[in-house]
Amino acid sequence: MEHKSYHDHRIGPEPRSFWTRYVFSQDHKVIAIQYMVTALLVGALGMALSWAMRLELAFPGTLDAGQY
């Protein structure tokens, strides 16, 4: 008879990858984190575009059509 050590037994679910834990999650806490990260990224993009528009209004011709 073979003796199995304590470490051979797993208790709980299998470890999940980043992709399955954060992208396809149904956990409300993880979904809240997804919303927060998305809101911060969209806000940063909007702020960068706002700065570009203000720069162009303050100094016309600063940004060429080729730089867009």
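This note goes through the fold, the surface and selected residues of a predicted model.

1. Overall make-up. The chain has 68 residues, of which 3% count as buried. Its secondary structure consists of two helices and zero strands. Helix H1 covers 18-23 and helix H2 covers 28-58, with a loop between them.

2. Exposed area. About 6800 Å² of the chain is exposed, and 67% of that area is supplied by carbon and sulfur atoms. One nonpolar surface patch comes to about 580 Å². Its members are Phe18, Trp19, Tyr22, Val23 and Phe24. The points on the aromatic rings and on Val23 below go through these residues in turn.

3. First aromatic pair. The structure holds two aromatic pairs. Phe18 and Tyr22 make a tilted one, with ring centres 5.2 Å apart and 45 degrees between the planes. The tilted label follows because 45 degrees is neither under 30, as stacked would require, nor over 60, as edge-to-face would require. Both residues belong to helix H1 and sit four residues apart, about one turn of the helix. Phe18 counts as exposed because its relative accessible area is 61%, where the limit is over 50%. Tyr22, at 31% relative accessibility, is partly exposed.

4. Second aromatic pair. Trp19 and Phe24 have ring centres 6.0 Å apart and planes at 75 degrees, so this pair is edge-to-face. Trp19 is exposed, at 53% relative accessibility. Phe24 is also exposed, at 57%. Phe24 lies in the loop between H1 and H2.

5. Val23. This residue is placed in helix H1. With a relative accessible area of 38%, Val23 is partly exposed; the value lies between the 20% and 50% limits, which is why it falls in that class. Leaving aside residues up to four places away in sequence, Val23 touches Phe18 and Gln34. Phe18 is also a member of the nonpolar patch that includes Val23. Val23 and Gln34 are eleven residues apart in sequence, and their C-alpha atoms are 8.2 Å apart.

6. Ser25. Is Ser25, in the loop between H1 and H2, buried or exposed? Ser25 is buried, because its relative accessible area of 14% is under the 20% limit. The side chain of Ser25 reaches the backbone nitrogen of Asp27 at 3.0 Å. Apart from residues up to four places away in sequence, Ser25 touches Thr20, Val30 and Ile31. The loop thus holds both a buried residue, Ser25, and an exposed one, Phe24.

7. Leu63. The segment after H2 contains Leu63. Leu63 is partly exposed, with a relative accessible area of 22%; the buried class would need a value under 20%. The C-alpha atoms of Leu63 and Met53 are separated by 9.3 Å, and the two residues are ten apart along the chain.

8. Points to keep together. The nonpolar patch takes in Phe18 and Tyr22 as well as Trp19 and Phe24. Phe18 and Tyr22 form the tilted pair, and Trp19 and Phe24 the edge-to-face pair. Among the patch residues, Phe18 is exposed, whereas Tyr22 is partly exposed. Ser25 is buried, against a figure of 3% buried for the chain.

Conventions. Residues are numbered from 1 along each chain as its sequence is written. This is a predicted model: local features need pLDDT of at least 70, side-chain atom pairs count only at pLDDT 80 or more; totals for chains, interfaces and linings use all residues. Side-chain values use heavy atoms; hydrogens and water are left out. Buried means under 20% relative accessible area, exposed over 50%, partly exposed in between (1.4 Å probe, protein chains only). Accessible areas come from the Shrake-Rupley method with a 1.4 Å probe; for residues, only the protein chains shown count as cover. Patches are made of residues with over 30% relative accessible area and no salt bridge: like charges are joined within 9 Å, nonpolar side chains (Val, Leu, Ile, Met, Phe, Trp, Tyr) within 5 Å. A salt bridge is a side-chain nitrogen of Lys or Arg within 4 Å of a carboxyl oxygen of Asp or Glu. Rings of Phe, Tyr and Trp (its six-membered ring) pair if their centres lie within 6.5 Å; planes under 30 degrees apart count as stacked, over 60 as edge-to-face and the rest as tilted. A polar contact is a pair of N or O atoms within 3.5 Å; within protein, one must be able to donate a hydrogen and the other to accept it, and residues adjacent in sequence count only if both atoms are side-chain atoms. Contact means heavy atoms within 4.5 Å.
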